[in-house]
Amino acid sequence: MTSAPASVRRGRPGHDRAQVLAVAVALFNEQGFDATSVADLTGRLGVTKSALYHHFPSKDALLQVALDEALDGLEAVLRDAQSDAGDAAQRLRVIVRGAVSVLTDKLPYVTLLLRVRGNSEVERAALARRRSFDHAVTQLVRVAQDEGMLRPDIDAAVATRLIFGMVNSLVEWYRPGGAVDPEELGEDVLRVVLEGLQADSAPRP
């Protein structure tokens, strides 16, 4: 008679790290980060505090990872634009198209990022990264103006705010899996935003 096989050690039951993060982000967006307690998180997940802390050591750690998810995506878009061989206006198109793609792909995380107000070290660090991103885009807008591709009578920083005011407004109504195709949405934003900023003498894309 053969002996019974040794029991196989299984992983910790319940949610994995990605699932915990997704549920936490949804709750932060519903209630606000500051108003969400660890008890709220464990209640929504149906786990104990020790099970939650197995994945994340604190509520702030959850926020940090969630904000990194959005910011890492935006910074990758910026790197792609900076490596593009086109002119400044073309690189700006890469950024706008890419930012819309990040927003539609990571909607809950970008929504959370846009609600950050700087109430903690984690939030202040995220805001600093957002400012750095905005500054890089503003510099690119300024170069495109100097190259004669964008109209020079609008301040570059204002133009950047107008561009991302439109992009960021998508979190209010865009829903994944809905009637709006995310790739076409990026092209629509480009048409609306950049055609209004183009210099009269600039060739249309």
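The exercises below, each with a worked solution, concern side-chain contacts in a predicted model.

**Exercise 1.** Determine how the rings of Phe-133 and Phe-164 are arranged, and where in the chain the two residues lie.

*Solution.* Begin with the geometry: the ring centres are 5.5 Å apart and the planes stand at 80°. Planes over 60 degrees apart count as edge-to-face, so the pair of Phe-133 and Phe-164 is edge-to-face. Next, place the residues: Phe-133 belongs to helix α7 (residues 121–146) and Phe-164 to helix α8 (residues 156–169), so that the pair, 31 residues apart, links distant parts of the chain.

**Exercise 2.** Decide whether Phe-133 and Phe-164 are buried or exposed.

*Solution.* Buried means under 20% relative accessible area. Phe-133 has 6% relative accessibility and therefore counts as buried, and Phe-164, with a relative accessible area of 8%, is buried as well.

**Exercise 3.** Find which salt bridges Arg-129 forms with Asp-68 and Glu-75, and which helices they link.

*Solution.* First, the side chains of Arg-129 and Asp-68 meet in a salt bridge of 2.8 Å, N to O; this pair links helix α7, which holds Arg-129, with helix α4 (residues 59–82), which holds Asp-68, across 61 residues. Second, Arg-129 forms a salt bridge with Glu-75, whose closest N and O atoms are 2.7 Å apart, and this pair, 54 residues apart, again links helix α7 with helix α4. Finally, consider accessibility: Arg-129, at 23%, counts as partly exposed, and Glu-75, at 24%, likewise counts as partly exposed.

Technical notes
Residues numbered from 1 in each chain as written. Predicted model: local features only at pLDDT ≥ 70, side-chain atom pairs only at ≥ 80, totals over all residues. Heavy atoms only, no water. Phe/Tyr/Trp six-rings, centres within 6.5 Å; stacked < 30°, edge-to-face > 60°. Helix = DSSP H or I, 4+ residues; strand = E, 2+ residues; numbered from the N terminus. Buried < 20%, exposed > 50% of the residue type's maximum accessible area, 1.4 Å probe, protein only. Salt bridge = Lys/Arg side-chain N within 4 Å of Asp/Glu carboxyl O.
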